[in-house]
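Visitor: I would love a close look at what sits inside this protein. Could you walk me through one part slowly?

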Amino acid sequence: PEELERCIAAALRGLPRDGEVRGLDQGSSDAAAHRVKEAASDARVRVILADRHFGEGAGRNALLRVARGRLLLQLDPSVELTGDLFSALAQALGPAQIGVAGPWGLRAVDHLKQWDEVTAGACDVVQGYCFATRREPLLAVGGFDERFRFYRNLDIAVSLALRARGLGSVAVGADVAVRHAHRAWERLADDEREKRSRRNYDRLVRRFGSLGLGA
């Protein structure tokens with residue numbers, strides 16, 4: 001809950017006047033859910049409490065159904081905005097040929113196996129910690145693949161689905177966003193990380209293995 005509180009407070013400081021914040025709590029304890037609801041005291045914030053864990057893809061799609069904006073920012077609670085990221089993202093998404101933008105992109109160096117991080121300019125995909133799109137193209141590719149219950153590689157899959165439609169990715173705003181510890185990753189044992197990541201990687205390869213990337 002403290003991560004969500006920090007994330008929401010920072011987002012509200014730079015939120016456009018016509019912006020809204022939507023959050024989803026997936027089956028937390030009663031005490032945690034109570035704190036999450038308290039974080040929604042601002043009229044611009046709405047937090048939905050679910051009675052179970054949907055998985056990463058389904059959870060993000062649930063938020064898409066309650067969000068109303070033309071421009072959408074999927075923001076992980078581990079991220080803290082430190083400046084006006086919203087304006088930078090809106091400008092980056094202005095050109096019709098751009099499908100996704102965010103502070104931390106990736107450029108493929110060995111097809112879908114290895115990636116270098118990119119924090120400015122064109123990239124192959126945008127990392128899902130801070131993932132901005134226009135609503136229309138995101139819905140056109142089916143939103144987030146709900147087979148991805150774990151978050152790893154879901155961002156790559158959606159970025160590449162947009163790329164397959166001729167829409168590029170761009171990294172922008174790394175100077176006004178900070179990544180803190182990502183608990184969804186750190187709480188897992190190494191073997192569990194590998195198992196979940198491998199499952200998602202196999203899905204990625206089956207769908208996008210023929211899409212030329214990197215060396």
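Visitor: How many residues does the largest nonpolar core have, and which of them have the most contacts inside it?

Guide: Happy to help! First, this is a predicted model, where local features need pLDDT of at least 70 and side-chain atom pairs count only at pLDDT 80 or more, while totals for chains, interfaces and linings use all residues. Residues are numbered from 1 along each chain as its sequence is written, and side-chain values use heavy atoms, with hydrogens and water left out.

The largest nonpolar core has 31 residues, and Ile 8, Val 45 and Leu 81 have the most contacts inside it. Such a core is a set of buried Ala, Val, Leu, Ile, Met, Phe, Trp, Tyr and Cys residues joined through side-chain atoms within 4.5 Å. Buried means under 20% relative accessible area, exposed over 50% and partly exposed in between, with a 1.4 Å probe and protein chains only.

Where does this core come from? Two or more residues each are given by helix H1 (2-14), strand S2 (45-50), strand S4 (79-81), helix H4 (85-92), strand S5 (98-102) and strand S10 (130-134). H1 gives the largest share, five residues. Helices (H or I, at least four residues) and strands (E, at least two) are DSSP runs numbered from the N terminus; the protein has eight helices and twelve strands.

Now zoom in on Leu 81. Setting aside residues up to four places away in sequence, Leu 81 touches Ala 10, Ala 11, Arg 13, Leu 75, Phe 86, Val 176 and Ala 177. Here contact means heavy atoms within 4.5 Å.

Apart from this core lies another one, of 29 residues, and Leu 64, Ala 67, Phe 144 and Phe 148 are among them. Leu 64 leads us to helix H3 (56-66), where it is one of the buried residues, along with others including Gly 57, Arg 60 and Leu 63. Nine of the eleven residues of H3 are buried, so the helix is largely enclosed by the rest of the structure. Its buried residues pack against strand S1 (21-26), S3, S10, H5 and H6.

On S3, have a look at Gln 74, which has its place in that strand (residues 71-75). Gln 74 is buried, with a relative accessible area of 9%. Beyond its neighbours within four places in sequence, Gln 74 is in contact with Arg 60, Leu 64, Gly 128, Tyr 129, Cys 130, Phe 131 and Phe 144.

From Phe 148 we can step to Asn 153, which lies in the loop between helix H5 (135-140) and H6. Asn 153 is also buried, with a relative accessible area of 12%. Leaving out neighbours within four places in sequence, Asn 153 is in contact with Phe 148, Ser 197, Asn 200, Tyr 201 and Leu 204. Asn 153 and Tyr 201 are 48 residues apart along the chain, yet 6.4 Å separates their C-alpha atoms.

Let's step back to the whole protein. Of its 215 residues, 49% count as buried. Among contacts with a separation of 6 or more, 77% are between residues 24 or more positions apart. The C-alpha trace spans about 50 × 40 × 30 Å along its principal axes. One general idea to keep in mind: in soluble globular proteins, nonpolar side chains tend to be buried together.
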